[in-house]
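Welcome to this short tour. Please open your viewer and keep the selection tool at hand.

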Amino acid sequence: MPTLREARSEYQSCIESCQDCAAKCAFCLDACLEEPAMARCARLCRDCEAICQLCTRYMAAGSEFAVDLCDLCAEVCDQCAEECARHEQDHCQECAEACRRCASECRTMAT
């Protein structure tokens, strides 16, 4: 198992992508709650924000489960990106982009 310093260094790019994705999902979630037709988008943003935050904590701690969690995080980010991309609102488009970046970083970490 890597030391904490090694884990932070090894996962830094993925940690940053997860943090950015969580922030964009939180903003999108709040905005989507204003519109009942966007309930699925809001739910996926909630789930994506939560797993990105958890993934960040596991990577920062050098957890032996970080790689497995990154794999799941990539799947959740893909679903969130797909849903957000369907909506033309700027917050949804920005969220979709952040989710795609995060999914890519998490897949890199998982392999």
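Accessible areas come from the Shrake-Rupley method, which uses a 1.4 Å probe. For this chain, the accessible surface comes to about 6100 Å², and carbon and sulfur atoms hold 49% of that surface. Keep in mind as you look around that this is a predicted model.

**Stop 1: the whole chain**

Select everything and show it as a cartoon. Which pattern does the chain follow, read along the sequence? The pattern is α-α-α-α, with 4 helices and 0 strands in the chain. The radius of gyration is 14 Å, close to the 13 Å that the globule rule gives for 111 residues, so the chain is as compact as a globular protein of that length. Along the principal axes, the C-alpha atoms fill a box of roughly 45 × 20 × 20 Å.

Now colour the residues by burial: buried ones make up 44% of the 111 residues. If you display contacts between residues at least 6 apart in sequence, 71% of them join residues at least 24 apart. You can also colour by charge. The chain has 11 positive and 21 negative charges, and the mean positions of these two groups are 2 Å apart.

**Stop 2: Ser 17**

Next, select Ser 17, which sits in helix α1 (residues 4-32). Is Ser 17 buried or exposed? Its relative accessibility is 13%, so Ser 17 counts as buried, because buried means under 20%. Leaving aside residues up to four places away in sequence, Ser 17 touches Arg 101, Cys 102 and Glu 105. Add Ala 103 to your selection too: Ser 17 and Ala 103 are 86 residues apart in sequence, yet their C-alpha atoms are 8.7 Å apart in space.

**Stop 3: Ala 50**

Move on to Ala 50 in helix α2. With a relative accessibility of 43%, Ala 50 counts as partly exposed. Try a distance from here to Ala 98: from C-alpha to C-alpha, Ala 50 and Ala 98 are 14 Å apart in space, and 48 residues separate them in sequence.

**Stop 4: Ser 63**

Finish at Ser 63, in the loop between α2 (39-61) and α3 (66-85). Why does Ser 63 count as buried? Its relative accessibility is 19%, and buried means under 20%, so Ser 63 falls in that class. Show its side chain and look towards Phe 65: the side chain of Ser 63 reaches the backbone nitrogen of Phe 65 at 3.0 Å.

Note on methods:
Residues are numbered from 1 along each chain as its sequence is written. This is a predicted model: local features need pLDDT of at least 70, side-chain atom pairs count only at pLDDT 80 or more; totals for chains, interfaces and linings use all residues. Side-chain values use heavy atoms; hydrogens and water are left out. Helices (H or I, at least four residues) and strands (E, at least two) are DSSP runs, numbered from the N terminus. Buried means under 20% relative accessible area, exposed over 50%, partly exposed in between (1.4 Å probe, protein chains only). A polar contact is a pair of N or O atoms within 3.5 Å; within protein, one must be able to donate a hydrogen and the other to accept it, and residues adjacent in sequence count only if both atoms are side-chain atoms. The radius of gyration is taken over C-alpha atoms; the globule rule is 2.2 Å times the number of residues to the power 0.38. Contact means heavy atoms within 4.5 Å. Lys and Arg count as positive and Asp and Glu as negative; His and the chain ends are not counted. The place of a charge is taken as NZ of Lys, CZ of Arg, CG of Asp or CD of Glu.
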